[in-house]
Amino acid sequence: VWSVEAAVEAQQRHMAQSGPQWHCIVQALDIRPAQAGVSQGSLSGIALAHKDIFDLPGRRPGLGRDAGAVAPGMRPASAIARLAKHGAVDLATLAMAEVACGATAANPNFPRCVNPLRASAVVGGSSSGSAVAVAAGLVYGSLGTDTAGSVRIPAATCGILGLKTTHGRVPCDGVFPLAPSLDSVGILSRSAADAWQLLEAVAPMTGFDAAPSQRLRVRAWIPQRGVDPQVATALESFLPELDLVQRVDDWAEFQDLSRRAEIVLHAQAAQTHIGALRDGNASPAVREIALPGVVLPPAWHAAALAERGQHAQAFVRNQLADCDLFLLPALAHPVPDWAAVLPGEPGFDARKVAALHRFMGWVNYLGLPSIVVPIAADDRGMPISVQAVTRPFGERSLLAFADAVQSHRFDGRAFTRHFSTGN
């Protein structure tokens, strides 16, 4: 039987030995001898690592700009503090797109993260280091942030689970903002059970969770245009396994919701980075996201925020009234190689960049929880993932669905143990 200290030391050694090849680690953290054994909580003996966007005890984050630095007196982000209270230990900070700007996670300040499934394949951003660390088996799970898909995109490219939580469910204090009305703390893991354990530690409102149906009822939308045939075929083959309530052929609100998400993203990113924009110090990644917000009419932003609640209510009423989940593709195209998404490369294809985030932003605008989970492989053996969306605080249903997918059982028995009782 291993002691807590020995378990943490073994995970620390494993990361030190295996981590460098993936270029996902920004900074290994010192673990004080007493730290590994002070708690007997639900995460005691579990060592984690997170996106370098969270304030840590006595340390500021690097935000994809640098490696971070000692900052005496700095208090940890609430999410980090809650994990520590349950016994988790932080091994390292992990790579990210610079200040969370970028769907590809290309960052000129650091070596490019390596996708453990295929070295030439893009990882996606901005929580790239978190996805790689989990997929490579360096940690059981990792916290990231999701403003327009930044947890779900890298999870989908690396073939793991990516959970975007209900907006506001996990506190964002101590987390560097991009667009506060869209920002959510999310979880990356290899299994639904691991994600649930982390969610129970960081989320303060688990009492809002409704127990999922014994057989989850779904409504599905596979767009007729803009989706690669391999992705569409994978989802078509998947649907017969589910308790399908309705197939949506034309979801008219999608474009409008996506446009509203872009307005809020650009406007609030401009507010976040206005100083750097005025001084001419903003990086290209920041300028791409924030500059459009400088010229957007303020009334557009105000209207998008004012009407957000009614759009969320309408979506729940129209798409989830008689079912548990709304399914759609995670990525519009199969996972591309880096050469296809980097401007200046001979194989660059702007459509493949857009395909990474096309189906993501509207979820953030509505503030709903969502999960991506792999369901098939493309002709190169790379994962094709489905995205499931549900009503506010319905994370338990999302994780039940992911558990059923991973265990290939959709009759309810597979997930009752972990998610129906809350244990």
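Mentor: Axes here are lines fitted to C-alpha atoms, for helices over the stretch in contact, with angles running from 0 to 180 degrees between N-to-C directions. The model is predicted, so local features need pLDDT of at least 70 and side-chain atom pairs pLDDT 80 or more, while totals for chains, interfaces and linings use all residues. Residues are numbered from 1 along each chain as its sequence is written, and side-chain values use heavy atoms, without hydrogens or water.

Trainee: At what angle do H7 and H9 pack?

Mentor: H9 is a helix (a DSSP run of H or I, at least four residues, numbered from the N terminus) covering residues 284-295. Its axis lies 7 Å from that of H7. The pair is roughly perpendicular (65 to 115 degrees). The packing angle is about 95 degrees.

Trainee: How many nonpolar residues does the contact of H7 with H9 have?

Mentor: From H7, Leu265, His266, Ala267, Ala269 and Ala270 make the contact (heavy atoms within 4.5 Å). H9 supplies Glu288, Ile289, Ala290, Pro292, Gly293 and Val294. Two of the contact residues are polar and one is charged. Counting Ala, Val, Leu, Ile, Met, Phe, Trp, Tyr, Cys and Pro as nonpolar, Asp, Glu, Lys and Arg as charged, and the others, Gly among them, as polar, the nonpolar residues number eight.

Trainee: At what angle do the axes of H7 and H10 cross?

Mentor: H7 spans residues 253-272 and H10 spans residues 298-306. Their axes come within 9 Å. H7 is oblique to H10 (outside the ranges under 35, 65 to 115 and over 145 degrees). The crossing angle is roughly 120 degrees.

Trainee: How many charged residues are in the contact of H7 with H10?

Mentor: H7 contributes Arg260, Ile263, Val264, Ala267, Gln268 and Gln271. H10 contributes Trp300, His301, Ala303, Ala304 and Leu305. The residues divide into seven nonpolar and three polar, and the charged count is one.

Trainee: Is valine 363 buried or exposed?

Mentor: Valine 363 sits in helix H14, residues 361-366. Leaving aside neighbours within four places in sequence, it is in contact with Arg152, Lys164, Leu368, Ser370, Gln387 and Val389. Its relative accessible area is 0%. With the cut-offs at under 20% for buried, over 50% for exposed and partly exposed in between (1.4 Å probe, protein chains only), valine 363 is buried.

Trainee: What distance separates the C-alpha atoms of valine 363 and lysine 164?

Mentor: The two residues are 199 residues apart along the chain. Lys164 is one of the contacts of valine 363. Their C-alpha atoms are separated by 9.0 Å.

Trainee: What percentage of the residues in the chain is buried?

Mentor: The chain has 16 helices and 13 strands (DSSP runs of E, at least two residues). Its C-alpha atoms fill a box of roughly 55 × 55 × 40 Å along the principal axes. Of the 423 residues, the buried share is 56%.
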